[in-house]
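Colleague: Could you take me through the main sheet of this one up close, and then show me how the ligand sites relate to its strands and helices?

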Amino acid sequence: MKKFFVTGGAGFIGSAFVRLVLEENEDISIVDFDALTYAGNLENLKDVDDARHTFIRGDICDRDSVLNAVPDGCDAIFNFAAESHVDRSIHSADEFLRTNIIGTQVLLDAARAKNVRRFVQISTDEVMGSLPDESDDYFTEDSPLQPNSPYAASKAAAEFVLRAARETFGVDTVTTRCGNNYGPRQFPEKLIPLMIANAINDDPLPVYGDGKNVRDWIFVDDHCRAIWKVYENGRSGEAYNIGARNEKYNIDVVKSILDALGKPHDLIAFVTDRLGHDRRYAIDPAKVEDELGWKPQMTWENGLQSTIDWYLNNQAWVDNIRNGEYRNYYKAMYGAELKAT
Ligand code: NAD
Ligand code: TYD
């Protein structure tokens with residue numbers, strides 16, 4: 001039995017990864033370590049009813065808790081835990097620097113102390129900054145790290161911390177840099193679930209600026225399968241860009257959601273742009289495709305429809321969030337009250 005230590009496994013991508021790994025492998029057990037911040041949700045794990053899954057609530061910055069929780073003979077640490085929302089980082093960066101940088105250092109130290117075989121860092125394409133509008137440029141693994149938001153800066157710093165652990169102490173590290181994920185169980189502060197939830201509830205859909213920013217979307221399980229490939233066969237010390245060659249203007253994503261739900265486009269409300277808003281992300285995934293034989297399995301059309309269906313079928317999950325602290329976040333962020341649900 002291989003033992004994994006997964007951080008952030010109650011969040012959106014981490015919970016999808018835990019579910020997929022346990023479903024597809026019989027010889028793996030997982031310690032799932034998560035602080036349950038506003039974004040962590042045990043509901044995300046309620047169908048992971050498996051004797052091979054142990055959940056521990058804890059903070060990745062807390063050395064003693066981490067050292068106690070990493071199992072002896074651990075094969076790999078997968079670090080998903082992070083503060084992950086750009087808008088929140090613009091409002092207040094401290095927690096991003098703490099969790100995303102210090103937390104990564106603490107985990108690397110634990111990997112060393114416990115002789116963990118491999119450390120997999122879940123990074124983001126956002127560390128590479130922004131590409132020019134409508135250019136033929138793509139992010140490759142050779143693109144310079146030039147983060148523009150406090151969130152992206154903290155994730156880039158984590159990559160340097162990782163590099164230092166490898167160069168100084170020989171920790172076996174690999175890094176994934178993925179584009180924008182979408183799928184079930186994504187916290188509705190991010191574009192796609194926010195727009196789905198608002199459309200279902202006939203709340204206005206706030207589109208920043210001219211809506212012509214481009215994001216490169218990937219279904220969450222495809223990202224998780226790429227992480228698996230990188231864990232298994234990625235070259236030590238290397239980063240791998242993950243993307244499904246699926247660039248979309250934000251405004252087109254929003255219109256597709258309204259169309260799929262049969263809602264009118266006049267729910268769209270253009271609002272003040274995000275500060276420092278990155279214009280375009282676009283990933284060249286040739287390295288992970290050619291070296292590791294990874295390909296995305298989900299099409300955009302099926303992925304978006306199945307995501308919308310999940311939110312329609314799990315309105316209690318969304319309402320629980322929308323009726324809590326999120327209402328205050330939304331009011332402060334958008335200057336508007338959400339309708340009661
Ligand atoms: P998320 O915000 O949904 O989940 C983050 C999880 O980390 C939550 O469960 C939260 O409780 C936990 N967490 C936060 N601080 C913690 C701490 N100090 N100690 C322990 N746990 C803590 O995020 P996500 O969208 O699932 O992203 C997961 C990872 O993937 C992040 O590292 C993010 O940078 C990266 N990533 C995300 C995307 C995307 O589109 N969402 C794209 C590329 C990379
Ligand atoms: P987001 O989901 O926050 O991801 P990221 O900023 O990490 O790419 O945003 C995706 C895009 O959608 C980004 O260009 C900002 C835009 N956006 C809006 O237009 N309105 C919104 O309410 C949100 C949350 C995002």
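Modeller: Sure. In this predicted model, the sheet is an open one of 7 strands, running E3-E2-E1-E4-E5-E6-E10, and the pairing is parallel. Strand E3 (53–57) and strand E10 (239–242) sit at the edges with a single partner strand each, so one side of each has no neighbour in the sheet. From one strand to the next, the twist averages 20 degrees.

For a look at one pair, take strand E1 (residues 2–7) and strand E2 (residues 28–34), which pair in the parallel sense over 6 bridges. You can find the register from Phe5, whose bridge partner in E2 is Val31.

Now the helices on that sheet. Helix H7 (residues 220–233) packs on the sheet and touches E1, E2, strand E4 (74–79), E5, E6 and E10. The direction of H7 makes about 145 degrees with that of E5. H5 also lies across E5, together with strand E6 (173–178), and runs at about 155 degrees to E5.

E5 and H5 turn up again around ligand 1. Helix H1 (12–24), helix H4 (94–113), strand E5 (118–124), helix H5 (150–169) and E7 each supply at least two residues of the shell there. The largest share, 3 residues, comes from E5. Of the 29 residues around ligand 1, the nearest are Ile13, Asp34, Ser84, Tyr151 and Lys155. By class, the shell has 13 nonpolar, 12 polar and 4 charged residues.

As for polar contacts with ligand 1, a polar side-chain atom of Thr99 is 3.0 Å from one of the ligand's nitrogen atoms. The backbone takes part too: a polar backbone atom of Ala35 lies 3.1 Å from a nitrogen atom of ligand 1, and a backbone N or O atom of Gly40 is 3.5 Å from an oxygen atom of ligand 1. Taken alone, ligand 1 exposes 840 Å², and the protein buries 97% of that.

E7, from that same list of elements around ligand 1, belongs to another sheet. That one is an open sheet of 3 strands in the order E7-E9-E11, with mixed pairing. Its edge strands, E7 (180–182) and E11 (247–249), each pair on one side only. Neighbouring strands here are turned by 50 degrees against each other on average, direction ignored. Strand E9 (residues 214–219) pairs with E11 in the antiparallel sense over 3 bridges, and Asp216 has Glu247 in E11 as its bridge partner. Helix H8 (residues 250–261) lies across E9 and E11, at about 80 degrees to E11.

That leaves ligand 2. Of the 18 residues around ligand 2, Glu126, Arg215, Arg274, His277 and Tyr334 come nearest. Three of their side chains are worth a zoom. A polar side-chain atom of Glu126 is 2.5 Å from an oxygen atom of ligand 2. For Arg215, an N or O atom in the side chain is 2.7 Å from an oxygen atom of ligand 2, and a polar side-chain atom of Tyr334 also lies 2.7 Å from an oxygen atom of ligand 2. On its own ligand 2 exposes 510 Å², of which the protein buries 97%. Helix H6 (191–200) and strand E8 (205–208) each give at least two residues to this shell, and E8 gives the most, with 3 residues. The shell's make-up by class is 8 nonpolar, 5 polar and 5 charged residues.

Key: Residues numbered from 1 in each chain as written. Chains lettered and ligands numbered in written order. Predicted model: local features only at pLDDT ≥ 70, side-chain atom pairs only at ≥ 80, totals over all residues. Heavy atoms only, no water. Pairing = 2+ DSSP bridges. Helix = DSSP H or I, 4+ residues; strand = E, 2+ residues; numbered from the N terminus. Axes fitted to C-alpha atoms, helices over the stretch in contact; angles between N-to-C directions. Contact = heavy atoms within 4.5 Å. Near = heavy atom within 4 Å. Polar contact = N/O pair within 3.5 Å; in protein donor to acceptor, adjacent residues only side chain to side chain. Areas by Shrake-Rupley, 256 points an atom, 1.4 Å probe, with all protein chains shown as cover. Nonpolar A, V, L, I, M, F, W, Y, C, P; charged D, E, K, R; others polar.
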